[in-house]
Amino acid sequence: LENSVLEMIELIASANMRKNKIDALEQADEKLMYLKILSRLSFEMEFISIKSYEYASKELSETGKMLGKWIQQQKATINV
């Protein structure tokens, strides 16, 4: 989980520095989906508590919303 979070942060930072951000943002979105699955499995296998799972789910969901809006904005910029 920790390594995947770091990889997603690297992808987001990379996208922020690029002129064409779409590829890195979409990779970050894929990594986010992977993190959601890992957090769910971690909870089901009792590696993390319900409280930790709820917190992670909330944060991952919020990150997904922000990432989705950023991707939409970048695609709209390209189509202008």
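Q: Which description fits glutamate 26: buried, partly exposed or exposed?
A: In this predicted model, local features need pLDDT of at least 70, side-chain atom pairs count only at pLDDT 80 or more, and totals for chains, interfaces and linings use all residues. Residues are numbered from 1 along each chain as its sequence is written, while side-chain values use heavy atoms and leave out hydrogens and water. Buried means under 20% relative accessible area, exposed means over 50%, and partly exposed lies in between (1.4 Å probe, protein chains only). With a relative accessible area of 29%, glutamate 26 is therefore partly exposed.

Q: Which residue meets glutamate 26 in a salt bridge?
A: A salt bridge is a side-chain nitrogen of Lys or Arg within 4 Å of a carboxyl oxygen of Asp or Glu. For glutamate 26, the N to O distance to its partner is 3.3 Å, and that partner is lysine 75. Glutamate 26 lies in helix H2 and its partner in helix H3, so the pair ties together parts that are 49 residues apart in sequence. The partner is itself partly exposed at 38% relative accessible area, and its name is lysine 75.

Q: How many helices does the chain have?
A: Helices (H or I, at least four residues) and strands (E, at least two) are DSSP runs, numbered from the N terminus. Along the sequence the pattern reads α-α-α. There are zero strands in the chain, and the number of helices is three.

Q: Which helix gives the largest share of the largest nonpolar core?
A: A nonpolar core is a set of buried Ala, Val, Leu, Ile, Met, Phe, Trp, Tyr and Cys residues joined through side-chain atoms within 4.5 Å. The largest one has eleven residues, among them Met8, Leu25, Leu35 and Leu60. The elements that give two or more residues to this core are H1, H2 and helix H3 (50-79). The largest share, five residues, comes from H2.

Q: Against which helices do the buried residues of H2 pack?
A: The buried residues of H2 include Ile22, Leu32, Ser39 and Ser42. Leucine 60 is in contact (heavy atoms within 4.5 Å) with Leu32, Leu35, Lys36 and Ser39, leaving aside its neighbours within four places in sequence. On the same basis, serine 4 is in contact with Lys31, Tyr34, Leu35 and Leu38. The helices that the buried residues of H2 pack against are H1 and H3.

Q: Which residue forms a salt bridge with glutamate 7?
A: Glutamate 7 is partly exposed at 35% relative accessible area. Its partner, at 17% relative accessibility, counts as buried. The two side chains meet at 2.5 Å, N to O. They lie 24 residues apart, glutamate 7 in helix H1 and the partner in helix H2, and the partner is lysine 31.

Q: How many residues separate arginine 40 and glutamate 44?
A: These two form a salt bridge, their closest N and O atoms being 2.7 Å apart. Both sit in helix H2, separated by about one helical turn, because their spacing is four residues.

Q: What accessible area do Met33, Ile37, Leu41, Met45 and Phe47 have together?
A: Leucine 41 belongs to helix H2 (residues 22-44) and is partly exposed at 39%. Patches are made of residues with over 30% relative accessible area and no salt bridge; like charges are joined within 9 Å and nonpolar side chains (Val, Leu, Ile, Met, Phe, Trp, Tyr) within 5 Å. Accessible areas come from the Shrake-Rupley method with a 1.4 Å probe, and for residues only the protein chains shown count as cover. The five residues form a nonpolar patch on the surface, with a joint accessible area of about 530 Å².
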